[in-house]
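Please look over the sequence and the model shown here before reading on, since the text that follows is meant to be read with both in view.

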Amino acid sequence: MDISIRSVKHDELSALLDLYKHLNPTDAPLPDASTLEKIWNEILSDSKINCFVANWEGNLIASCILVIVPNLTRGARPYGLIENVITHPDYRRQGVGKCLIHHALQSAWSQNCYKVMLLSGSQTKEVLQFYEKTRFKKGIKTGFVATPISH
């Protein structure tokens with residue numbers, strides 16, 4: 001497979017949203033098109049937010065978001081957060097995700113990040129092993145997630 005890893009393009013919102021359907025199939029409905037376009041433009045215009053995609057034959061088959069966070073510790077070096085990692089089910093176990101994560105990490109290192117963090121909602125052995133094979137180590141820190149209280 002001749003896959004290219006690159007930043008997402010402005011006109012690929014629809015393709016990215018189709019890919020995201022495989023990330024959280026039971027996700028809440030999206031807002032109206034104008035709200036989505038506003039959020040999309042905000043993401044694309046923020047130099048600290050990087051949306052990387054794997055493209056194969058004109059199709060987006062994987063994606064992740066890397067956010068670079070400015071920091072006043074660790075010699076004032078920033079850190080990175082990777083979120084929304086998804087590979088289309090038809091392309092899993094072919095090295096696509098590994099190339100994508102490698103690209104995101106290289107981007108973080110080139111921006112002088114001292115670390116990159118990633119949380120996974122999956123507890124499946126295969127997913128956890130995938131992240132370990134892509135240089136992430138569990139057990140170094142403990143992750144916590146807060147969500148809004150619903151009424």
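The paragraphs below go through the sheet, the helices packed on it, one loop residue and the cysteines.

This is a predicted model, and the sheet is a convenient place to begin. Five strands make up an open sheet in the order 1-2-3-4-5, with mixed pairing. Its edges are strand 1 and strand 5 (116-118), each of which pairs on one side only, and from one strand to the next the twist averages 25°.

Within this sheet, strand 1 (4-7) and strand 2 are paired in the antiparallel sense over four bridges. Two of the residue pairs along this border can be found by eye: Arg6 stands opposite Val53 in strand 2, and Ser7 has Phe52 of strand 2 as its bridge partner. On going from strand 2 to strand 3 (residues 59-69), the pairing is again described as antiparallel, here over eight bridges, and Cys51 is found opposite Ile65 in strand 3. The hairpin that these two strands form has two residues between the strands, and in it Glu57 takes a positive phi near 50°. Strand 2 spans residues 49-56, and because six of its eight residues are buried, this strand is largely enclosed by the rest of the structure.

Which strands does helix 1 touch where it packs on the sheet? Helix 1 (13-20) is in contact with strand 2, strand 3 and strand 4 (79-87), and its direction makes about 95° with that of strand 3. Helix 3 (residues 96-110) also packs on the sheet, where it touches strand 1, strand 2, strand 3, strand 4 and strand 5, and the angle between its direction and that of strand 3 is about 25°.

The helices can also be considered in relation to one another. Two packed helices are described by the angle between their axes together with the distance between those axes. For helix 1 and helix 2 (residues 33-45), the axes come within 12 Å and cross at roughly 100°; since crossing angles of 65 to 115 degrees count as roughly perpendicular, the two helices are therefore placed in that class. Helix 1 contributes Leu13, Leu16 and Leu17 to the contact, while helix 2 contributes Leu36, Glu37 and Trp40. Sorted by character, the residues of this contact comprise five nonpolar, no polar and one charged.

Just ahead of helix 1, in the loop that joins strand 1 to this helix, lies Glu12. Is Glu12 buried or exposed? Its relative accessible area is 12%, and because buried means under 20%, Glu12 counts as buried. Leaving aside residues up to four places away in sequence, Glu12 touches Arg6, Trp40, Val53 and Leu60. Of these neighbours, Arg6 and Val53 are the residues already met as standing opposite each other, while Trp40 was named in the contact of helix 1 with helix 2.

The cysteines remain to be considered. The structure holds zero disulfides. For Cys64, which is in no disulfide, the nearest cysteine sulfur is that of Cys51, 7.6 Å away, and a disulfide would require the two sulfur atoms to be within 2.5 Å. Cys64 counts as buried because its relative accessibility is 0%. Cys99 is likewise in no disulfide, and the nearest cysteine sulfur, belonging to Cys64, is 12 Å away. With a relative accessible area of 45%, Cys99 is partly exposed.

How values were computed
Residues numbered from 1 in each chain as written. Predicted model: local features only at pLDDT ≥ 70, side-chain atom pairs only at ≥ 80, totals over all residues. Heavy atoms only, no water. Buried < 20%, exposed > 50% of the residue type's maximum accessible area, 1.4 Å probe, protein only. Contact = heavy atoms within 4.5 Å. Pairing = 2+ DSSP bridges. Axes fitted to C-alpha atoms, helices over the stretch in contact; angles between N-to-C directions. Parallel < 35°, antiparallel > 145°, perpendicular 65-115°, else oblique. Nonpolar A, V, L, I, M, F, W, Y, C, P; charged D, E, K, R; others polar.
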